[in-house]
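Subject: Structure handover

Hi,

Here is the structure I promised to pass on. Please open it and keep it beside this message while you read.

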Amino acid sequence: MSPVVDPTLDFERELHATGATWVIGCDEVGRGAIAGPVAVGLGAVHVECLDVPEGLRDSKLLSEKRREALYPLATSWVSHHAVGFAEANEVDQLGIVVALGLAGKRALTALHHAGVGIMQSVVVLDGNHDYLSPQLTTPPRITTRVKADRDCASVAAASVIAKVERDRLMIEADGVHPGYGWAGNKGYGSSAHYGALSELGPSPLHRLTWLH
């Protein structure tokens, strides 16, 4: 098992040195769920951003309790943040890759309205596939980076913010459409979730094309 690595601002500082006023960390959450939206979180780090909050990690390396505790630290540390969502019916109609781009576009639009100069920014997108550019009329600089959610503090912050906000939506949805265990599984395909589907049938929040 590889050791846990603390994310740093090293890569962000390299990008700031190229003239970027903001580096926008980008991460997606809920890609593999069978119910609920897919979410894309953004955390904009200004060139004058200070040290990384202690304990910040990729959301997948944190317990739910720890993510909730870090959420206010992450949101106050980045200059601005946003989470965009694409709903289950959009995933069904458009496919997951287009839905991710749509969610990211919505988050970028929110950052723009908050005052972030998108065209003066570099977006660091976790992974090796740029799903964002095809959905933007005039994309900013976008760089993909494998394990950016582990290594880059801006992306780790975006990961925590997106995960917490999507989890909260699924916990709330569990009260509207009870029986699927969303407060626990957050819309992912656990055996209990599939068992509830067999008994109750799909809800309006299920991705029908993903059910098997």
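Start with L108. Leaving aside neighbours within four places in sequence, L108 is in contact with I24, L42, I118, V123, L132 and L136. Contact here means heavy atoms within 4.5 Å.

Some ground rules before the rest. This is a predicted model, in which local features need pLDDT of at least 70 and side-chain atom pairs count only at pLDDT 80 or more, while totals for chains, interfaces and linings use all residues. Residues are numbered from 1 along each chain as its sequence is written, and side-chain values use heavy atoms, with hydrogens and water left out.

**L108 and helix 4**

L108 sits in helix 4. Helices are DSSP runs of H or I with at least four residues, strands are runs of E with at least two, and both are numbered from the N terminus. Is L108 buried or exposed? L108 counts as buried, because its relative accessibility is 5%. The cut-offs are these: buried is under 20% relative accessible area, exposed is over 50%, and partly exposed is in between, with a 1.4 Å probe and protein chains only. L108 also lies 9.2 Å from G41, C-alpha to C-alpha, although 67 residues separate them in sequence.

Now the whole helix. Helix 4 covers residues 96-114, 19 residues in total. From first C-alpha to last it reaches 27 Å, close to the 27 Å expected at 1.5 Å a residue. The expected span is 1.5 Å times one less than the number of residues. Buried residues of helix 4 include I96, A99, L100, A103, A107 and L111. What covers them? The cover includes strand 1 (22-29), strand 2 (38-46), strand 3 (80-86), helix 3 (88-94) and strand 4 (121-126). Just after helix 4, G115 takes a positive phi of about 110°.

**The cores**

Nonpolar side chains tend to be buried together in soluble globular proteins. A nonpolar core is a set of buried Ala, Val, Leu, Ile, Met, Phe, Trp, Tyr and Cys residues joined through side-chain atoms within 4.5 Å. The largest one here has 24 residues, and I24, L42, L108 and L111 touch the most other members. Strand 1, strand 2, strand 3, helix 4 and strand 4 each give two or more residues to this core. Which element gives the most? Helix 4 does, with seven residues. Another core lies apart from it, with 21 residues, among them V29, C49, A153 and A156.

**A82, across from helix 4 residues**

A82 lies in strand 3. It counts as buried, because its relative accessibility is 6%. A82 touches V40, G41, L42, A107, A110 and L111, not counting residues up to four places away in sequence. The C-alpha atoms of A82 and G43 are 6.9 Å apart, with their positions 39 residues apart along the chain.

**Cysteines**

How many disulfides does a search of the whole structure find? Zero. A disulfide is counted when two cysteine sulfur atoms lie within 2.5 Å. Why is C152 not bonded to C26? Their sulfurs are 12 Å apart, and C26 holds the closest cysteine sulfur to that of C152, so the gap is too far for a bond. Both residues are covered: C26 is buried at 0% relative accessibility, and C152 is buried at 1%.

**Helix 6 and a cavity**

Helix 6 has 24 residues, which should span 34 Å at 1.5 Å a residue; its end C-alpha atoms are 35 Å apart, which agrees. The helix is mostly covered, with 17 of its 24 residues buried.

The largest cavity holds about 30 Å³ of space. It is lined by E64, R67, E68, V164, D167 and I171. Helix 2 (64-77) and helix 6 (153-176) each give two or more residues to that lining. A cavity is a set of points on a 1 Å grid over the protein atoms alone where a 1.4 Å probe fits but cannot get out, and lining residues have an atom within 4 Å of a point. Points are joined across faces, edges and corners, and the volume is the space filled by probe spheres set on them.

**Two lysines to look at**

K147 is not a glycine, yet has a positive phi of about 65°. It lies in the loop between strand 5 (141-145) and helix 5 (148-151). K147 counts as partly exposed, because its relative accessibility is 45%.

K186 has a positive phi of about 60°, and it is not a glycine either. Its loop runs between helix 7 (182-185) and helix 8 (191-200). K186 counts as buried, at 4% relative accessibility.

Best wishes

Note on methods:
1 Å grid on protein atoms, 1.4 Å probe; cavity = no way out; pocket = protein on both sides within 12 Å on 5 of 7 lines; lining within 4 Å.
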